[in-house]
Amino acid sequence: MSGPLDGPHAIETVGLGRDYGNTRALEALDLVVPAGWSVGLLGPNGAGKTTAMLVLATLLRPSRGVARVFGHDVVRDRAIVRRQLGLVFQEPSIDGLLTVAENLRFAARLSGLSASNARGAVAAALERAGLAARASQPARQLSTGWRRLADLARAMLHQPPLLILDEPTVGLDPEHRDRAWGLLEAARRESGTAVLFSTHYLAEADRCDWVVLLARGQAVGSDTPARLKAVVGEEVVEIEGPGADGLVSEVQSVATVSQVVRTDRGFRIGIRGSREGLTRMAALTPPAIRFTVRPPTLDDVYFARTQGQASMSARSVDASP
Amino acid sequence: MSGFSAIHGIVVRDLVRAFRQRGRLIGGLVRPFMWLVLVGSGYNAIARIEGVASYRAFVFPGIIVMATMFGAMLTAISTVYDREFGMLRLMLAGPAGIAAVLAARMIAATIIGTVQGAVVLLFLPLVAPVSLGQWMASLAAVALGAAASGAVGLLVAAPLQSVENFAAVINVVLFPLLFLSGALYPTLGMPAVLRQLAQVNPVSYAVDLLRATLGQPAEFGALRSALALLGTMVIASGLTALIFEPERRFMFRHRPAGP
């Protein structure tokens, strides 16, 4: 299984797959999201993230495997599953012709809230999202950031125990990203809401409890962010520029290399142990080459797991999962 | 309860959207009066129709149906818009599901079509005498015509994925339905093939029902026309539900990328 196994599960999938005609968009995903956890789904475009989320949202039927939300099958118990969900898609589901409050009221009614409960839920959601001052503003006048926050407020207003968010912060400036994550963190803290999200901002995944890396429809890594980064090495040497290739073997001669990943611009080399030799190397490297030593990030994990590792010498350590 | 809430939410949204798009609303009201003035006045001088005082009195029920039909059918553009811009996904992922979405869309189309038809109906006393009873019966006929038109509009919209497509396709549907309905001229004088087409055209029955309620000569009679409109509504709704098959219900502007 690609996830933590204890506790009540907001999501559990076993061998979940989905095809579009002859194309396998999602191969066989094993995923567990315990209630109250935040799980990041990472991977390049076309990795199968959106497909997995649409199946979990009951909008696509799986081609194979099983998916359950709080123990309910997403195909057989669709109506029950839908009551547990708050959804945010890549494009905001906000109607520009309606005001912000009208959009939320519409969503509240869609989720089955009575008129009086909807009023209360909308007022609370506007307040939480910092949108109260914009409640009467037509949604088309909102900036991208506020529009996305309205979308998040919409998804959360009926206080679902599970949020499925497909790139919820795409295109947002740091201020609105921070507000968005603040909203989600508050929901987790106060209501124990589980969150499954995909993102291209890998630093955002650092804050979650568990990360699943998808590539070509398959999970290629699944662990806590800290453990995933630890596999890369204690530090990462990044070499970019002309002649970068030649420096890789030099790094291997002065440090214990855990992995070498070739990127479009050069190499990311995971290392363990002393960095003394590297400090000397950095001082002697020509200015045309960027030679940096830094702590590992989820970006390094992403490159290693989704682009494959370059061939390494006999003394390097293979750190594949 | 969740079904009722969802239907109410969707209907309110559709009505708010319709009444905020003033250009569309005004266009929907101006169009029938333009036909009445331009076509009605021209033909009034030359056309004589048996059993009706003037061509303008003859064409008025047709113009009411035109306003109703255009209003109700064009409301289906919301479904295409929502599919194109992602709102339909949201509705279909709600607990109430597809039945509530279709029912709500039908109700909204019926209301909008009825309002547009009723506005034109208000002006009927200017061209022909009408009693309160006839006026009320005509309003019911307008509502039935709006419901049938709304169902046909949804059927047209169901497989379409872009607003541009809908605009192109709906014109191809609307105008033949109007011209082959007896709204603007009697179908009795048409060539046999066109006359047969007119007899399976639901708009013919909407026009005929309205003529019957207003005491004008009617070809099919009120009961047959009302049943034909109800039948149209049921068949079109059923087909729409089938066309809205699960995998196409929430088509994206961009399909989810494959590997």
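Okay, one definition before anything else: two strands pair here if DSSP finds at least two bridges between them. With that in hand, take β10 of chain A, where S222(A) is the bridge partner of V212(A). And keep in mind throughout that this is a predicted model.

Let me stay with that pair of strands for a moment. β9(A) and β10(A) run antiparallel and share five bridges. Another position you can look at is L213(A), which sits opposite G221(A) in β10(A). The two strands make a hairpin with two residues between them, and in that turn R216(A) has a positive phi of about 50 degrees. One general reminder while you have the strands on screen: in a regular strand the side chains alternate between the two faces of the sheet.

So which sheet does the hairpin belong to? It's part of an open sheet of six strands in chain A, and the order is β6-β7-β8-β3-β9-β10. The pairing there is mixed. At the edges you have β6, residues 85–88, and β10 of chain A, each pairing on one side only. From one strand to the next, the twist averages 15 degrees. There's a helix on this sheet too: α5 of chain A, residues 144–156, lies across β6 and β7 (162–166), and runs at about 165 degrees to β6(A).

Now the other sheet in chain A. This one is open as well, with four strands ordered β2-β1-β4-β5, and the pairing is antiparallel. Its edge strands are β2 (23–34) and β5 (72–73), again pairing on one side only. If you look at β4, residues 64–69, you'll see an antiparallel pairing with β5(A) over two bridges. In that part of the sheet R68(A) stands opposite D73(A). And the helix here is α1 of chain A, residues 49–56, lying across β1 (9–20), β2 and β4, at about 120 degrees to β1(A).

Okay, zooming out to domains. The assignment splits chain A into domain 1, 9–223, and domain 2, 228–307. Measuring nothing by hand, just taking the computed C-alpha centres, the two domains of chain A are 36 Å apart. How many residues of domain 1 of chain A are in contact with domain 2 of chain A? Twelve, and they meet eight residues of domain 2. On the domain 1 side, our hairpin comes back: β9 (210–215) and β10 (218–223) of chain A each supply at least two residues, and so does α7 (202–205) of chain A. By class, that side has eight nonpolar, two polar and two charged residues.

Next, the contact between chains. 35 residues of chain A touch 28 residues of chain B. On the chain A side, β2, α1, α2 (78–83) and α3 (100–110) each put in at least two residues. Which element gives the most? That's α3(A), with four residues. As for the classes, the chain A side has 14 nonpolar, twelve polar and nine charged residues.

Last stop is chain B, and two helix pairs. The first is α6, residues 97–122, against α7, residues 132–157: the angle is about 135 degrees and the axes are 7 Å apart. That angle is why we call α6(B) and α7(B) oblique to each other. Their crossing is right-handed. The contact list is long, so just a few: on the α6(B) side you have residues including A109(B), G113(B) and G117(B), and on the α7(B) side residues including A143(B), A147(B) and G150(B). By class, this contact has 13 nonpolar, eight polar and one charged residues.

The second pair is α3 of chain B, residues 55–74, with α8 of chain B, residues 163–179. They pack at about 160 degrees with axes 11 Å apart, which makes α3(B) roughly antiparallel to α8(B). This crossing is right-handed. Here I can give you the whole contact: M66(B), F70(B), M73(B) and L74(B) from α3(B), with I170(B), L174(B) and L178(B) from α8(B). Count them by class and you get seven nonpolar, no polar and no charged residues.

Terms used:
Residues are numbered from 1 along each chain as its sequence is written. Chains are lettered from A and ligands numbered from 1 in the order in which they are written. This is a predicted model: local features need pLDDT of at least 70, side-chain atom pairs count only at pLDDT 80 or more; totals for chains, interfaces and linings use all residues. Axes are lines fitted to C-alpha atoms, for helices over the stretch in contact, and angles run from 0 to 180 degrees between N-to-C directions. Angles under 35 degrees count as roughly parallel, over 145 as roughly antiparallel, 65 to 115 as roughly perpendicular and the rest as oblique. A crossing is left-handed if the near helix is turned anticlockwise from the far one by less than a right angle, and right-handed if clockwise. Two residues are in contact if their C-beta atoms, placed from the backbone, lie within 7 Å. Ala, Val, Leu, Ile, Met, Phe, Trp, Tyr, Cys and Pro count as nonpolar, Asp, Glu, Lys and Arg as charged, and the others, Gly among them, as polar. Domain bounds come from an automatic or database domain assignment.
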